[in-house]
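Hi,

Here is the structure you wanted to look through. My notes follow below it.

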Amino acid sequence: FMKDLLIFSILGGILGALSRFYAFEISTFCLWQNILIFNLLGCLIAGFSFIAIHNKKVKYFIINGFCGAFTSMSALIFLLSENLKNYEANMIAINLLANCILGTLLSLLGLLLGSCFRHKEKESL
């Protein structure tokens with residue numbers, strides 16, 4: 001069973017990485033905005049999936065795989081390092097606060113939406 005979860009995580013990771021790559025290619029936003037958008041979308045999707053998805057394999061595909069590859073802590077750390085190197089304290093604060101606080105809020109929103117979705121699903125049965 002763990003082998004299946006690993007395979008689903010890998011497949012989700014491939015899709016997440018490709019999605020981020022191609023979304024970044026067509027985006028007209030700057031680097032820090034792209035990182036923020038991808039991280040926030042990933043938080044929302046992960047929060048929603050955590051509650052709304054029942055199947056463990058699908059959860060691993062979406063949360064561990066897709067969201068893990070779609071979001072990027074390493075890109076955020078790179079960006080913060082660049083901000084630090086260029087003495088851009090205001091951008092460090094903006095990036096940290098936006099990614100951490102907004103990411104947490106969107107995860108919570110995803111959990112709320114997921115529970116609403118699950119509740120509606122139970123009503124229809």
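**Ser-72, helix α5 and the rings**

A polar contact of 3.5 Å joins the side chains of Ser-72 and Ser-74 (a pair of N or O atoms within 3.5 Å; within protein, one must be able to donate a hydrogen and the other to accept it, and residues adjacent in sequence count only if both atoms are side-chain atoms). This is a predicted model: local features need pLDDT of at least 70, side-chain atom pairs count only at pLDDT 80 or more, and totals for chains, interfaces and linings use all residues. Residues are numbered from 1 along each chain as its sequence is written, and side-chain values use heavy atoms, without hydrogens and water.

Ser-72 is buried, at 9% relative accessible area (buried is under 20%, exposed over 50%, partly exposed in between; 1.4 Å probe, protein chains only). Ser-72 sits in the loop between α3 (56-70) and α4 (73-85) (helices are DSSP runs of H or I, at least four residues, numbered from the N terminus).

Now the rings. Four aromatic pairs are counted (Phe, Tyr and Trp rings, the six-membered one for Trp, with centres within 6.5 Å; planes under 30 degrees apart are stacked, over 60 edge-to-face, the rest tilted). Phe-21 and Tyr-22 are edge-to-face, because their planes meet at 85°, with centres 5.1 Å apart. Phe-66 and Phe-70 are stacked, 5.3 Å centre to centre and 15° between planes. Both lie in α3, four residues apart. Phe-66 is buried at 15%, and Phe-70 is buried at 7%. Ring pairs link Phe-38, Phe-66 and Phe-70 into a cluster.

Last, helix α5 (residues 89-124) has 36 residues. Its buried residues include Met-91, Asn-95 and Gly-103.

Best wishes

How values were computed: Helices (H or I, at least four residues) and strands (E, at least two) are DSSP runs, numbered from the N terminus. The expected span of a helix is 1.5 Å times one less than its number of residues.
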